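Let's take a walk through a protein model together. Have a look at it first, and then we'll start with one helix and work outwards.

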Amino acid sequence: MGYKRRIGHWTADILAAGLRLGKQKTYRFFLDALWERYQVSYGDGPPLEAHLWCPDPIRPDAADRPLVERIFSAYRQAKQTQGQVDRLYQPSSMWKNILRTAYQDVTESLQANDIERFHSFLTNFGSWHQPTGIEESRLIRQCAIDRHKALHFEQKIMTPLIRWWLKFESDGRDLSALVMPNHGNFGGMSVNGHLISPGSVFTDVYARMIAGFLETDRPLIAELGGGFGRLVYFLSRHQSDFRYIGFDLPETLCCASYFLMKTFPEKRFLLYGEREWDVTCLDDFDFLLLPSFEISKLPDQCVDLFINENSLGELEAAACEHYVREICRTTKAFWHRNHECRRFLFERGTTSLLNREYPIPQDRFVRVVRYADLRPYVRSDYLECRSDMFWYYYRLRK
Ligand SMILES: C[S@@+](CC[C@H](N)C(=O)[O-])C[C@H]1O[C@@H](n2cnc3c(N)ncnc32)[C@H](O)[C@@H]1O
């Protein structure tokens, strides 16, 4: 072993001398590239057959039409009202850009009353050719056209994540526990025949943790900016009975409505504009999916747990403050995962808020946990400080 060490150190010295000239980013790039060329064995277990999956668009299913008509009608009504509500509820310049580029089929189908085009978008939003901000199609598409990126994705991102999950988080479950219903035509990684999207591994981890914070039999869970509903889907695998209110921008809410209504055909859904709503509706419905300006109609302390993942930290400061106040007014407990030190800069020089700046009233809420999002460390093999996501759990003081 002694001579192997010495040769290893000499080789590393020579490589490092050259790579240091390229500074830290280049250095890291070469280290990653070396790892990608090695079949790494993270922990024990049988080999993983992992392949990138980047699907072609699929045709909408005519049987979905009644459901899609409901979503289209709710979207139309949400857009009409959104035009009349306070600026605080409008998307930031960053999200306006995403909506303009990725959600063009949604916005234009409404103007043209073209439900076919709308339906086609919903059928394929999970592998959309423009980044929708709510799933990983951009990453998958980039990997699909570059063999090295695909290798990086397989060897450095997905394999370690899945090995880690199998060893520490699976708790006897097999890989099917990481598979989502494919309503949206998602890309990802086929692992031993299971289609797994990069976000699913840690969403399962957080869902398990969040389920552990729930103390009642049929809790009311509310979420702001839930994307297409991944977190609540994984939560349902750990907590079978709950009621859910999702607040979001009208466009992303269409994706959530499609994914969740197709995933839970046995559950009762109320969409915006289908009837006047208040929390008593939750005796008759399991899911309320509403544009975010409706949050002000929630009564005080009616929610058992409010969740927010990677969304408050993307809002303009005034909007974030407003939503956090509404969340603290309406909930008994609050879990969120957002940015610790990375600030977004918007048009007109406004910025987003960092976790420590959220106006959470300390006289009413106690911070129970603050913890780093482990995802980047699990998948990169080294401590890296580029990712600044932390999760927090607060509950009302007794
Ligand atoms: C980065 S995505 C995160 C989605 C999901 N929570 C996840 O972690 O995968 C940000 C979410 O915030 C929502 N969002 C962005 N701007 C918003 C606004 N002004 N009001 C309400 N929701 C907003 C988006 O529609 C989207 O669902």
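Start with helix H9, which is mostly covered: 11 of its 14 residues are buried. Keep in mind as you look that this is a predicted model. The buried residues in H9 are Ser200, Val201, Phe202, Thr203, Asp204, Val205, Tyr206, Ala207, Met209, Ile210 and Ala211. You can also check the length of H9, which runs over residues 200-213. At 1.5 Å a residue, its 14 residues should span 20 Å, and the end C-alpha atoms are 20 Å apart, so the two agree.

Two of those H9 residues lead us to another part of the chain. Asp373 touches Phe202 and Tyr206, and its other partners, leaving out residues up to four places away in sequence, are Arg337, Met389 and Phe390. Where does Asp373 sit? You'll find Asp373 in the loop between S10 and helix H13 (375-380). Is Asp373 buried or exposed? Its relative accessible area is 3%, and buried means under 20%, so Asp373 counts as buried.

Now try Phe186, another loop residue. Phe186 lies between helix H8 (147-169) and strand S2 (188-191). With a relative accessible area of 5%, Phe186 is buried too. What does Phe186 touch? Setting aside its neighbours within four places in sequence, Phe186 is in contact with Trp53, Pro55, Phe125, Gly126, Met180, Pro181, Leu195, Phe228 and Phe259. For a feel of distances, find Asp174 as well: Phe186 and Asp174 are 12 residues apart in sequence, and their C-alpha atoms are 20 Å apart in space.

Next, hop over to helix H11 (residues 250-263), the home of Ser257. Ser257 has 4% relative accessibility, so this residue counts as buried. Apart from residues up to four places away in sequence, Ser257 touches Ile71, Lys262, Leu271 and Leu289.

Time for a look at the backbone. Most residues other than glycine have a negative phi. Asn192 has a positive one, near 45°. Asn192 sits in the loop between S2 and strand S3 (194-196), and at 36% relative accessibility it counts as partly exposed. Arg348 also has a positive phi, near 60°. You can spot Arg348 in the loop between strand S9 (333-339) and strand S10 (365-372). With a relative accessible area of 60%, Arg348 is exposed.

Finally, zoom out to the whole protein chain. How many helices and strands are there? The chain has 13 helices and 11 strands. Its radius of gyration is 22 Å, close to the 21 Å that the globule rule gives for 398 residues, so the chain is as compact as a globular protein of that length. Along its principal axes, the C-alpha trace spans about 75 × 55 × 50 Å.

Buried residues make up 53% of the 398. Among contacts with a separation of 6 or more, 75% come from residues 24 or more positions apart. As for the outside, the accessible surface is about 19300 Å², and 52% of that belongs to carbon and sulfur atoms. The chain also carries 52 positive and 51 negative side chains, with the centres of the two sets 7 Å apart.

Key: Residues are numbered from 1 along each chain as its sequence is written. This is a predicted model: local features need pLDDT of at least 70, side-chain atom pairs count only at pLDDT 80 or more; totals for chains, interfaces and linings use all residues. Side-chain values use heavy atoms; hydrogens and water are left out. Helices (H or I, at least four residues) and strands (E, at least two) are DSSP runs, numbered from the N terminus. The radius of gyration is taken over C-alpha atoms; the globule rule is 2.2 Å times the number of residues to the power 0.38. Buried means under 20% relative accessible area, exposed over 50%, partly exposed in between (1.4 Å probe, protein chains only). Contact means heavy atoms within 4.5 Å. Accessible areas come from the Shrake-Rupley method with a 1.4 Å probe; for residues, only the protein chains shown count as cover. Lys and Arg count as positive and Asp and Glu as negative; His and the chain ends are not counted. The place of a charge is taken as NZ of Lys, CZ of Arg, CG of Asp or CD of Glu. The expected span of a helix is 1.5 Å times one less than its number of residues.
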